[in-house]
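Q: Please pick one residue of this model and take a close look at what surrounds it. Then follow the chain outward from there, step by step.

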Amino acid sequence: QVQLVESGGGLVQPGGSLRLSCRVSGITFRAYNLNWYRQAPGKQREWVGSITSGSSISYASSVKGRFTISRDNDQNTMSLQMNVLKPDDTGVYYCNLPSRGNWGQGTQVTVSS
């Protein structure tokens, strides 16, 4: 079956960096578009960015210029490099396979001094 497993979350000070990974199994990874979402406490889940099977990338305006999405089709992994982190970036980060409706379990990111 399809599985998405996020990793790399943690506690970081404002201005710091983190790199999240999403490892996907059960599909021909290179053929699929993928998304990153996040959900802050008490708020709705929001889209962070996407990468297509052809590696076209788009970002939410709130993260553009600070976050970078990439994929490694040999490792079946999508990554989210997050720089210049702000307290508003705090939340649970999820990877999503939109064509199948699959989600990972999420990884917690906390930006705080």
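A: A polar contact is a pair of N or O atoms within 3.5 Å; within protein, one atom must be able to donate a hydrogen and the other to accept it, and residues adjacent in sequence count only if both atoms are side-chain atoms. With that in hand, take Arg71 in this predicted model. Arg71 sits in strand S7, which covers residues 67-72. Its side chain makes a polar contact of 2.9 Å with the side chain of Asn73. A polar atom of the Arg71 side chain also lies 2.8 Å from the backbone oxygen of Tyr32.

Arg71 is buried, and the nearest side chain of opposite charge, that of Asp72, is 8.4 Å away. A salt bridge needs a side-chain nitrogen of Lys or Arg within 4 Å of a carboxyl oxygen of Asp or Glu, so Arg71 has none.

What else does Arg71 touch, not counting residues up to four places away in sequence? The list is Phe29, Arg30, Tyr32, Leu34, Ile51, Thr52, Ser53, Ser55, Thr77 and Met78. Tyr32 is thus both a contact of Arg71 and the residue whose backbone oxygen lies 2.8 Å from its side chain.

Met78 leads from Arg71 to the interior. Met78 is among the residues with the most contacts inside the largest nonpolar core, along with Trp36, Phe67, Leu80, Met82 and Tyr93. That core has 27 residues. Strands S3 (18-25), S4 (34-39), S5 (46-51), S7, S8 (77-82), S9 (91-97) and S11 (107-111) each supply at least two of them. S3 gives the largest share, 4 residues. In soluble globular proteins, nonpolar side chains tend to be buried together.

Two of these strands are also joined by a covalent link. Cys22 and Cys95 form a disulfide, with their sulfur atoms 2.1 Å apart. Cys22 is in strand S3 and Cys95 in strand S9, so the pair ties together parts that are 73 residues apart in sequence. The link is right-handed, with 70 degrees about the S-S bond. Both Cys22 and Cys95 are buried. The structure holds 1 disulfide.

Further along the chain from Arg71 is Asn76, in the loop between S7 and S8. Asn76 is not a glycine, yet its phi is positive, about 55 degrees. Most residues other than glycine have a negative phi. Asn76 counts as partly exposed because its relative accessibility is 22%, and buried would mean under 20%. The C-alpha atoms of Asn76 and Gln3 are 11 Å apart, although the two residues are separated by 73 residues along the chain. Gln3 belongs to strand S1 (residues 3-7), and at 42% relative accessibility it is partly exposed too.

After that loop comes strand S8, which holds Gln81. The side chains of Gln81 and Arg19 are joined by a polar contact of 3.2 Å. Gln81 touches Phe67 as well, together with residues including Ser17, Leu18 and Thr68.

The loop between S8 and S9 contains Val84. Val84 has a positive phi of about 50 degrees and is not a glycine. It is partly exposed, at 47% relative accessible area.

Note on methods
Residues are numbered from 1 along each chain as its sequence is written. This is a predicted model: local features need pLDDT of at least 70, side-chain atom pairs count only at pLDDT 80 or more; totals for chains, interfaces and linings use all residues. Side-chain values use heavy atoms; hydrogens and water are left out. Helices (H or I, at least four residues) and strands (E, at least two) are DSSP runs, numbered from the N terminus. Buried means under 20% relative accessible area, exposed over 50%, partly exposed in between (1.4 Å probe, protein chains only). Lys and Arg count as positive and Asp and Glu as negative; His and the chain ends are not counted. Contact means heavy atoms within 4.5 Å. A nonpolar core is a set of buried Ala, Val, Leu, Ile, Met, Phe, Trp, Tyr and Cys residues joined through side-chain atoms within 4.5 Å. A disulfide is a pair of cysteine sulfur atoms within 2.5 Å.
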